[in-house]
Structure formats: structure tokens, C-alpha cells
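This report describes an interface between two domains of one chain. The sequence and the structure come next.

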Amino acid sequence: MIAVTSKSRRSRRIESAIFWVLRLATYFILACATYIFLDIGIKGGRTVFTTTPPFINVPFLTEPPQTLYVFDYEGKTLTLSDRQFREWKTTHADVEVNPSSVAYSAGGIWPCIVGTALLVIGSMALALLIGISSAIYLSEYSRNGRMIRLVRIAILNLAGVPSIVFGLFGFGLFVIFFGWNVSLIAGWFTLGLMVLPAIITASEESLRAVPQGLREGSLALGASKWQTIRKNVLPYAMPGILTSSILGIARVAGETAPIMFTAAYAMKDEMPWQVARWTDFFFQGVMALPYHIYVVSSKIPQNEYTERVQYGGAFVFLFLVMLIALTSIVLRERSRSRLSW
Amino acid sequence: MVNIIEMPEITSPTIANQPAPSPEPGVERAMIEIEDVDFSYGTHQVLHDVSLSVPARAVTAFIGPSGCGKTTLLRCLNRMNDLIDGAQITKGSIRIEGTDINASSVDVVDLRRRVGMVFQKSNPFPKSIYDNVAYGLRIAGVTKRSLIDEAVEKSLRSAALWEEVKDRLHVSGYGLSGGQQQRLCIARALAVEPEIVLMDEPCSALDPIATAKVEELIRQLKEQYTIVIVTHNMQQAGRCSDRTAFFYLGRLIEVDDTAKIFSNPGQRQTEEYITGRFG
């Protein structure tokens with residue numbers, strides 16, 4: 001038995017081959033993630049960071065996108081934003097130049113950050129309202145029957161619908177049928193519906209994690225069902241619901257497909273608060289980060305000047321999403337240690 | 001099998017809310033009357049034809065091996081089984097001071113306010129000691145601070161916990177020891193001034209010293225309250241109850257004064273269980 005036969009050598013080879021396949025598959029993930037983060041970090045970092053104090057390219061974060069003008073003048077290649085070009089013209093009125101223009105590649109991404117923030121706030125508020133309500137109904141009130149099974153299947157299906165289909169649905173229902181046009185409110189409803197299954201599932205889980213003893217203890221003291229839920233279940237489920245929902249925020253902020261027909265403009269000169277009447281606020285399209293990245297990456301002719309805003313936008317976007325995810329993790333850990341039974 | 005003398009049913013509406021005459025010898029004034037109750041979880045029947053009277057201002061103990069239905073019966077008394085899908089009384093009635101508690105006109109919230117419950121696993125709310133005790137009152141709509149303060153102190157004193165916690169009323173109830181937590185749950189139940197207190201194995205998770213405290217408490221509480229206690233511990237039933245009901249496989253085998261059950265039980269099964277031959 002001690003002698004190494006050819007068969008056991010073969011099986012050992014298989015063992016180590018499998019081991020390496022599995023190991024390489026894992027390292028492949030690491031390599032991809034590293035590449036993505038480095039690529040965006042390095043190229044985007046060039047846009048977002050500067051070598052002089054305050055080391056962050058503030059105009060990139062606080063200015064709207066502008067057209068970039070590139071032209072040769074006195075042997076130098078000048079790259080000027082729309083506004084800079086017009087100022088330059090006033091001092092060089094007599095000079096005839098023939099600039100090539102690159103759309104959106106100068107200025108910053110401020111309206112996109114604002115637009116994405118508005119979309120996230122509205123759609124999450126909507127989704128939390130509907131999602132928590134239905135989760136309370138499902139986990140606290142409903143008794144298992146055919147109707148509830150149907151509801152659960154519907155939720156599962158909703159979770160599996162591709163986001164572009166949500167976009168088309170929102171376009172058909174909110175934009176066309178309800179006549180809301182491309183607007184914040186259409187985007188809110190579309191994104192809200194898309195993230196609803198995640199919120200319902202997270203809320204149900206958090207509600208179920210509240211010990212049954214707390215419900216029984218409360219009911220045994222003469223509390224009604226709703227009093228019990230409001231005073232003795234929901235407060236303890238809320239941290240879990242909110243932290244899980246933060247991951248929903250990352251999804252809502254990140255999706256392009258649902259908003260491209262329903263809420264996003266490629267370019268808009270006014271900021272969202274610059275509206276004539278307050279009701280117009282809800283019925284205006286906005287710029288949004290993911291859609292902006294899509295536009296500058298595929299809708300304009302590519303050249304060496306477009307990379308700046310593509311990678312800069314991606315960098316800021318990635319940073320914001322990571323920040324949200326990190327917040328979620330920190331909050332979850334904290335609420336876990338505070339409420340333990 | 002069940003040694004209860006059948007008495008004519010008294011349910012005429014004119015005296016429906018009067019304490020009914022006792023259907024059971026040895027019970028002077030019945031607080032709760034359980035009559036021919038069958039109970040099922042879905043298709044699984046767990047109580048068979050149980051009839052029993054619980055005397056007012058006394059301690060009644062339910063004993064029996066695991067799965068004999070004693071906890072189920074206890075949870076019928078404040079309709080806690082309503083929370084379980086498919087669980088229902090299929091036959092018979094339960095009357096508290098003459099009122100059928102399963103009648104459609106009975107408000108279950110009001111019933112539970114009158115019939116308090118202490119659970120097997122102490123379940124303080126993740127709130128301060130004060131807020132735990134005040135919970136039931138606030139739920140009932142009491143907002144006056146002085147009234148709540150008064151009731152909190154009174155309940156904690158009744159539960160023999162006041163001296164131990166009076167200096168830290170506003171720290172979390174989770175910081176208390178197991179026995180203190182259980183007495184906090186008793187205080188919480190007493191705060192809403194119920195008439196009946198149901199206790200589901202209140203000492204099963206407690207050490208002997210904490211158990212002794214809770215048992216002493218139970219003996220004191222019967223001055224004011226009608227107490228029904230489910231217990232696995234026969235010595236406990238012997239120490240703190242006035243009447244004992246022995247259940248086996250979903251049937252009431254015997255009910256009598258505790259002294260008699262433990263010294264001279266009428267049924268062979270009771271004797272075997274009490275002497276530790278099974279269960």
C-alpha cells in the first residue's frame with residue numbers, strides 16, 4: 001500500500017488540476033476587479049484630482065458640462081471650454097480660428113450628481129413607503145393562501161425583470177399614457193418599482209428577525225395588532241430595513257436603462273430648482289450620472305479629449321456608490337450590536 | 001376519565017355576566033369555566049373534551065408531561081392561539097366570569113387586558129425598565145406622567161423587584177439577570193391591573209434562588225389575582241398552587257386540591273406521574 005502506484009499518481013494530478021482551476025477562477029475575479037478599479041482610478045483620478053491645493057478638481061464637481069473647443073493658435077493647441085472660448089474671443093476679436101468642438105467634454109458634472117441624487121431620494125422614498133407597507137402586510141397580517149402565494153410569485157418575477165423592460169414599461173405607462181413626459185416623477189415611479197422587490201424582501205426579513213416573544217408580550221398586555229407592530233415590532237426592524245435598503249440605493253443610482261426613456265436628459269441648461277412653478281419641478285427631466293457616462297461614451301465622436309469626462313464621471317460615480325455601500329455596512333454592524341436578542 | 005360532576009349548563013342571558021355557580025366540587029367561586037373543550041392545530045387535535053373550573057383568587061397549576069396540551073389550554077384563556085394559523089377550539093366553550101370569551105362580541109384586546117400573561121421565556125422589550133412596565137398603560141391610552149409613575153412603582157413592588165431596580169429605572173431591561181427579567185415581565189403584566197394572570201412555565205429558565213423568589217411572589221399575588229400556572233416542576237406545583245390539574249395526551253386526567261393530588265390522587269396515571277414513574 002505504501003508504494004505509489006500509477007493510478008494514485010493520476011488521481012493526484014486530477015486533484016491538483018481541479019485545485020488550480022478553482023484557484024484561478026477565484027484569482028480571475030480579483031484580477032478583473034483590480035483592473036477596473038485601477039483603470040478608473042488612474043484615468044479618472046487625472047480628472048478629479050489636481051496637483052495643486054485643494055487637490056480636488058472643484059470645477060469638475062460644481063460646474064455644468066460645456067462644449068470643448070480645440071484649435072491651434074500661434075503654434076499652440078488651445079483647449080477651451082465654451083465660456084472660456086467666448087471670453088477668449090472678446091480679446092481676440094480679430095483672429096479667425098476654426099475650432100473643432102467636442103460636446104460635453106469641458107466643464108463638470110454637477111447637474112448629473114444633482115439629478116441622480118433627486119432620482120434616488122424620490123424613488124427610494126416611494127419604494128420604502130410601498131415596500132415597507134406591503135412587507136408588514138405580508139409578514140404580520142396575511143395568512144398563507146392562494147392569493148398570498150400569487151403575490152409572492154409576482155414579487156419574485158418583478159425582481160427578475162430586466163431593467164430595460166422596466167424602462168420601457170415606465171415609458172409606456174408614465175411617460176405616454178399618464179402624459180408625464182420625460183420627468184423626475186416618471187423616473188421615480190420606474191426606479192421605485194424596479195427596487196421594490198429588494199425592499200420588500202429585506203423588510204420582510206427584518207420583520208421576521210424580531211422575536212415572536214415581543215409581539216406576544218405586547219398583545220398579552222392588551223395592545224392591538226397595529227399598536228404592537230408600531231410600538232414593538234417596526235422600531236426594532238427599522239434599522240435592518242434601512243440598512244438593507246441602502247444597497248437598493250446603489251442599484252437605483254446605478255441603473256441607466258430605466259431612466260433613459262423616462263427621466264434622463266442628455267443635456268439641460270437649467271438646474272432642477274430653476275423652474276417657473278413649483279409643480280414643474282416634478283415634471284422636468286434631469287441629467288443623471290450613469291446616463292451622462294453613457295452619452296459621453298457612445299453618443300459623441302470619440303477622441304483624446306472625451307476621456308476626461310468619461311473617466312472622471314465614472315470615478316465620481318464609483319466613489320459615490322462605494323460610499324453608499326460602505327455606509328450600509330457600517331450601519332448594519334452598528335445596529336446588529338445594538339439590537340441583539 | 002374526567003372526574004367532574006356534570007352540572008346543568010347555565011348560560012341564560014340574564015345572568016350571563018354573573019359568576020356562575022361552581023360546576024366543580026372544591027371550587028367556591030369559579031373565575032374561569034372551561035367546558036368540554038376540543039382544540040386543534042389544523043387537523044391535529046391536541047385537547048380532548050377538557051372541562052375545568054379555575055377558582056378566583058387562588059393558584060391553579062396545570063401539570064403533565066410535554067405535549068399534553070397544558071400550554072395550549074393556557075393560551076386559550078387569553079386567546080393567544082388566535083395568532084396561530086389553523087388553531088381553533090372545535091367544541092365547547094371557555095367562560096370568564098360567565099362571558100364566553102370566544103363570542104364574536106368579545107373584544108380580544110380587552111380580554112387580554114383583563115387576562116395577563118407571563119411567558120416561559122422572559123421577553124422584556126428592548127426598552128428601559130420603566131418603559132417596559134409602562135408599556136401596557138401607554139397602550140391603553142394613559143398619558144398622565146404621575147399616574148404612570150405610580151403604577152410603575154406599584155407593579156415593581158408587587159413583583160418584588162422595586163428595591164433592586166429603583167435606582168436604575170431608565171436602563172435597559174436587558175441588563176437585568178434572568179430572574180429579574182422574569183419578575184419584570186410579571187410587573188409588566190400586573191401594571192395593567194388584570195384580574196387573571198396566566199404563567200407559562202415562568203421558572204423554567206431560572207436558577208433555584210430566582211425560582212424561589214418567583215414562587216414566593218406567586219403565593220403573594222393570589223391575594224389579589226386569579227393565577228393559572230403551567231409547570232413541568234411538580235415540586236413547584238406542590239409548593240405554590242391551591243389546585244392542581246393533571247393532563248396527559250390532551251386529556252384532563254384529574255383535578256383537585258393540590259394537597260389531595262399529591263397525597264392521595266384519584267387516578268393511577270396521576271400517581272405514576274407524580275411519583276416519577278413516567279413523564
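How many residue pairs are in polar contact between domain 2 of chain A and domain 3 of chain A?

## Polar and charged pairs

The count is two residue pairs in polar contact, both at pLDDT 80 or more. A polar contact is a pair of N or O atoms within 3.5 Å; within protein, one must be able to donate a hydrogen and the other to accept it, and residues adjacent in sequence count only if both atoms are side-chain atoms. Zero salt bridges (a side-chain nitrogen of Lys or Arg within 4 Å of a carboxyl oxygen of Asp or Glu) are found across this interface.

## Basis of the model

This is a predicted model, in which local features need pLDDT of at least 70 and side-chain atom pairs pLDDT 80 or more, while totals for chains, interfaces and linings use all residues. Residues are numbered from 1 along each chain, chains are lettered from A, and side-chain values use heavy atoms, without hydrogens and water.

## Domains and buried area

An automatic or database assignment divides chain A into domain 1 (1-48), domain 2 (66-107) and domain 3 (110-338). The C-alpha centres of domain 2 and domain 3 of chain A are 41 Å apart.

Between domain 2 and domain 3 of chain A, about 770 Å² is buried, with 66% from carbon and sulfur atoms. Buried area is the accessible area (1.4 Å probe) that two parts lose on being put together, summed over both. On the domain 2 side, V102(A), Y104(A) and S105(A) lose the most area, together 67% of what that side buries.
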